[in-house]
Amino acid sequence: MDARSSSAPFPDTTEARAAFLAEAGGLDAAIAGGTLGETVTIPMAEALVLGLMRQGVTTYLAIFGHGSTALGEVLRAYEAAGLVRTFQFRNEVAMAHAGTALRWIYGETCAVVTSIGPGALQAMAGSLAAASNGVGVYHIYGDETTHGEGYNMQQVPKPGQGLFGQITAAMGASYTLHSPGAVRDALRKGASAVFHPWKPGPFYLNLPLNTQPAPATLRLDALPLRPEFAPQSPAEPAVFSEAVDLIANASRVAIKAGGGSRPFAEHVRRLAEASGGVVVQSPGSTGILPDADERNMHVGGSKGSISGNYAMDEADLLIVVGSRAVCQSDCSGTGWPRVENVININADPVDVQHYNRTLALTGDIGAVTERLCASLDGSGAKDNKADWLADCVEKKREWQTFKQAQYDAGPLADPVWGEAVLTQPQAIKVAADFCKSVAAIKLFDAGDVQANGFQIVEDDAPGESYTESGASYMGFAVSALTAGALAEMGRYMVAFTGDGSFMMNPQVLIDGVEHGVHATILLFDNRRMAAISSLQEAQYGRDFRTSDGVAVDYVAMAASVTGVKALWGGTTAETLRNALGEAQAHKGLSLIHVPVYYGTDPRGGMGAYGRWNVGNWCDDVQKLYQNTAV
């Protein structure tokens, strides 16, 4: 396609344009240098790639099909010129998870590219993890043609207009590029979603097959840049005085640190000290205070901990920081039975008003907590809370004593394995300690591994562990390992996964080798969905269809993939430590198969300490909720 400009010439082909921009030092450098004219006419797919480049998005995760060949050809040319990177995957769900992890863990925004129909639906399903955890990722899907010439293969088989756009719009921010001239508007709306200041998420960009190669005329310097947002805090100083009064008049202050607090660990620590409060972590905010900090009560919620749930049950003032009050983390709305008032710090104007009796400090967590701490300093608001801290510290000792007893119980006889094997808490503790010794990032897959994991980890800073508890997506952790190879500064990671979660996305065995991943899959095998088995037994006294009788040799399975180091983790702490060391030394992807205990012995798990509105517990929990003040 010919390209036209009103001043400096722009090459006539995609390959020549890519080479031209590479020689100029990139698109921004070419624009700044005045080497581009006011308007150019290029294929819409190429305009999209250039627009994403202006926002700093140059990494693409792709499974191409007939719905994305035009975009694929542009990416081929621009990758050859060194302007973008494209990585091929084998499963759209796994690809979406890798893209989520790349932004969540490493801060690098990418675009996930699929074809039309089933592949897009799979990627969209995987995007639940990004949506639930507030992670901005571009999702670019092929879509049916705009001419309506007849059913397009793999479109939604229904006589309606823009059906896939309706589906993606129900999931989140969405745009269908029906017209090539709308690319600027699409990118502006996309940037607002992907780079949203407090609740970023996936942006679904649907590309009809016939508009991808269609000509788009535009100014390249008018393509939207990545937006920047100044931190906001309440304009009225009186609300901070009111907050100080609430804290001063309370005797038992608890701070609930949600996932949104992770970038503000130092602010949360200062707030805890200034208010005389203790901190209850969410599964996604472990490490917000160092593990040994006396104010760190560990996790609270339907699983929770002895100390975390004690603080929730006894607090009379709740300070919420960056939390959506997710059901399990909040005991289905019953987690704060004695709380009389709430101070909520959140930039989202809806989430900040979740509780009754709320003083809403709407704004950036850092900006708001700085002002609140400044107001608390010297106020004496914390002076009446020494007894509260002492009680909480004692409960924390009780929790630590209980944990150590579980670790010291030794292997337990398991009927499936026919011998004594490690319990899941014991194996997780061994592996978590190893990860700390080598500064490895821990990723926890959904299920029993996840629940035991966030109860066990002893993180000293955010980012040491990632647990996808927002959507609780099985297979996220193993899929996320690939992000370490895609990132500019990737780190060694260990995925803690169960046999059920691993089999949701075993494609990582191939993708990991293909992309040069240095990581370990730690596979805890109890031949069942243990989290649900345990839930069924706790509620109804028996489990149903959550286990199987099929033995799988995961070592042989992993070893069949060239480049994967497959190891047996054994049945003792010592054999597992040795396997972890051997896996870490392998400069590639490793898998360790660890048999773990499942049964009714209370030494086999970490216990549950809260409430959850599921199954035959619903009536009791809902009655409690009806009587809550907040």
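Two strands count as paired here if DSSP finds at least two bridges between them. With that in hand, the tour can start; the model is a predicted one.

**Confidence**

Colour the protein chain by pLDDT. The average is 94, and 99% of the residues score at least 70. Then select residues 1-7, where pLDDT stays under 50. The model has 29 contacts for this stretch beyond four places in sequence. Where pLDDT is low, predicted coordinates should not be read in detail.

**Sheet with strands 2 to 7**

Next, show the open sheet whose six strands follow the order 3-2-4-5-7-6, with parallel pairing. Go to its edges: strand 3 (85-88) and strand 6 (173-176) each have a single partner strand, so one side of each is left without a neighbour in the sheet. From one strand to the next, the twist averages 20°.

Inside this sheet, select residues 110-114 and 138-143, which are strand 4 and strand 5. Four bridges pair the two in the parallel sense. To see one position in register, pick Val112; its bridge partner in strand 5 is His139.

Now add residues 92-106. This is helix 5, which lies across strand 2 (59-62), strand 4 and strand 5. Helix 5 runs at about 170° to strand 4.

**Second largest pocket**

Move to the second largest pocket, with a volume of about 290 Å³. Its lining has 18 residues, and the closest to the pocket centre are Glu144, Thr145, Gly160, Gln161 and Gly162. Coloured by class, the lining shows twelve polar, three nonpolar and three charged residues.

**Sheet with strands 9 to 14**

Further along the chain, show the open sheet in which six strands take the order 11-10-9-12-13-14, again with parallel pairing. Its edge strands are strand 11 (296-299) and strand 14 (358-362), each pairing on one side only. The strand-to-strand twist averages 20°.

Select strand 13 (residues 341-346) together with strand 14: the two run parallel and are joined by five bridges. Which residue of strand 14 does Asn346 stand opposite? Label Thr362 to find the partner of Asn346.

Two helices complete this part of the view. Select residues 238-249 for helix 10, which lies across strand 9 (253-257), strand 12 (317-321), strand 13 and strand 14. Its direction is at about 135° to strand 14. Then select residues 365-376 for helix 13, lying across strand 12, strand 13 and strand 14. For helix 13 the angle of about 135° is to strand 13.

Notes:
Residues numbered from 1 in each chain as written. Predicted model: local features only at pLDDT ≥ 70, side-chain atom pairs only at ≥ 80, totals over all residues. Heavy atoms only, no water. Axes fitted to C-alpha atoms, helices over the stretch in contact; angles between N-to-C directions. Contact = heavy atoms within 4.5 Å. pLDDT = per-residue confidence, 0-100. 1 Å grid on protein atoms, 1.4 Å probe; cavity = no way out; pocket = protein on both sides within 12 Å on 5 of 7 lines; lining within 4 Å. Points joined across faces, edges and corners; volume = space filled by probe spheres on them. Nonpolar A, V, L, I, M, F, W, Y, C, P; charged D, E, K, R; others polar.
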